[in-house]
Structure formats: structure tokens, C-alpha cells
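Work through the exercises below with the model open beside you. Try each task before reading its solution.

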Amino acid sequence: MKRPTGFSLIELAIVLVVVALLLGGLLVPLTTQIEQQKIRETQKAMEEVKEALIGYAATHVDISNHPYLPCPDRRTGAAAVTDNNDGHEDRNPAGDCQALEGNVPWADLGVSKSDAWGNYFTYRVAAQYSNSSAGITLGSSPITTNIFVCENVVGAACTGTVATATQVPAVIISHGNNGFYAINSNFYRMDLPANYPTAPDATRSSPFELENGNVHGDCTAIPGDNTCTKYVSRTPSGIGSTAGEFDDLVTWLSPNILFSRMVAAGRLP
């Protein structure tokens, strides 16, 4: 009697299980590689933003030939205002910024408007560095700002004694893969349930992401609130972490680097 050839159903089932296990083992590393690539792309884009800020200051001076940094692109404004989120800085006729926090003015700087996850970069600049009527000078004392970047504290606890960076001219933020508190490509802020279907989960958001979203401690939930001056840069943490989920990428413009580059460009002293 001739025996049947081919695989039995049991053998096929075993093969499918083995293949599924192999694919499952490969999928996680591949997902991790893709995420790491997005992080690298975003960090590179943020460094390009910093270089563009320095380049802007080197080519923009006040009446006394003093350089200044660009204003943010506003996120909110009066109902009749149509130039929010357009990539151009928003500056008052007097020279000061209409909002000290908003989006990176990507169109003016010639840089990417968004991170690798498609959300706009947050940009906060100090008033002392961005007024086109009173630019940056090298006086007898350092320029002081109230912008701090801290590591593991928020709100009033973020002071010069625990800060990663103190009195910085400007901060640039990517709100990471989860995008919590970012402005997305549809110009919706991703903590407003009425506007975005996946608002941050209170059980997932960390106080550190809340701080970078300016809805914690010394800040309000209004984008562009000029009292928001505290930011957090720390080790990433995942869902379920005791510190809460945190995947923001934060960088800042060092005053020392800015001054030295302006001196090299002949803009200071």
C-alpha cells in the first residue's frame, strides 16, 4: 500500500507555530530599530534648528548692530488671526515677541517643521534674547533669564541648584513617539479630547511630560503662556514606570556657545 506524501495537518500546525515564534522574535528588534532611527533623525533635526537659530542671530541685528534670536510661530490667537502655525515668527511692531513659546519658525529658519513622528517642534525663547529693538549685548554682567532645564523635578522645585541648564536663551522640544502635548500636523494640540481622539491618559503621562507641555506646576494649559519657563530633560521611561511615561527629546541653546559664535561672526562685542 502506497503511503500518502506531504505534510499532515499536525505537522503544518507545528511549522506555522515555529514560523510565528520566529517572526515574533524578529518583530520586536525591528520595531526597536525603527524607533531608534526616528530618535536619531529627530535629534539631528533639533541640532539643525539650533544651528539655524545661531545663523539667524548672525544675520539679524537691531539698530545698534546687536544680534537677536527669532520669535516663535504662535500656536493660538484671536479667531481672526490666520498666521498661527504658518512657520513664520510672530513679532510685535515694538520688537518683542507676540508669544515666547510656540512652534519653531521653520519657514523663516529653513529647517524641518516637525519631528520624525510628524509633530511640530516646541520652541521657547527668552525675551532678553529675542527683542529686535534691544538685541544681545556683552555687558558687565551675564544676561539672566528665568528659563531652566531640569532633570527629575518640576515646577517651583526646578531652580538653578538642581537644573541641568540655567538661564538659557532658548529651548527646543520634541514630544516624542507618544506626542503628548505636541501640536500635530492638523494643528491640534494632543491633550485636547475635543480635538484629538487619543488624549493623554492620566495614568500614563508623567509630571515631566506635563511640565514640557506647560500644563503643570507654574504653567497653565494655554500654549504660548509667557510664564512657562521650566522644562525637563531626563532618561526615557516606559508605560507603567513609577515615574510615568516619558519620551520627550529636549535640547537648548547654550549662552556660551551663542556668544562665542556671535563674536566669531563679528556681531559681538
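**Exercise 1.** Is Val18 buried, partly exposed or exposed?

*Solution.* This is a predicted model: local features need pLDDT of at least 70, side-chain atom pairs count only at pLDDT 80 or more, and totals for chains, interfaces and linings use all residues. Residues are numbered from 1 along each chain as its sequence is written, and side-chain values use heavy atoms, without hydrogens or water.
- Step 1: apply the cut-offs. Buried means under 20% relative accessible area, exposed over 50%, partly exposed in between (1.4 Å probe, protein chains only).
- Step 2: read the value. Val18 has 43% relative accessibility, so Val18 is partly exposed.

**Exercise 2.** State where Ser112 lies and what Ser112 touches.

*Solution.*
- Step 1: find the element. Ser112 is in the loop between α2 (106-109) and β2 (122-125). Helices (H or I, at least four residues) and strands (E, at least two) are DSSP runs, numbered from the N terminus.
- Step 2: check cover. The relative accessible area of Ser112 is 31%, so Ser112 is partly exposed.
- Step 3: list contacts (heavy atoms within 4.5 Å). Leaving out residues up to four places away in sequence, Ser112 touches Trp106 and Phe121.
- Step 4: look along the chain. Met46 is 66 residues from Ser112, and their C-alpha atoms are 8.7 Å apart.

**Exercise 3.** Find the charges that sit over the rings of Trp106 and Phe246.

*Solution.*
- Step 1: set the test. NZ of Lys or CZ of Arg must be within 6 Å of the ring centre and within 35 degrees of the ring normal.
- Step 2: take Trp106. The charged end of Lys113 sits over this ring, 5.2 Å from its centre.
- Step 3: take Phe246. Arg234 lies over its face, at 5.9 Å from the ring centre.
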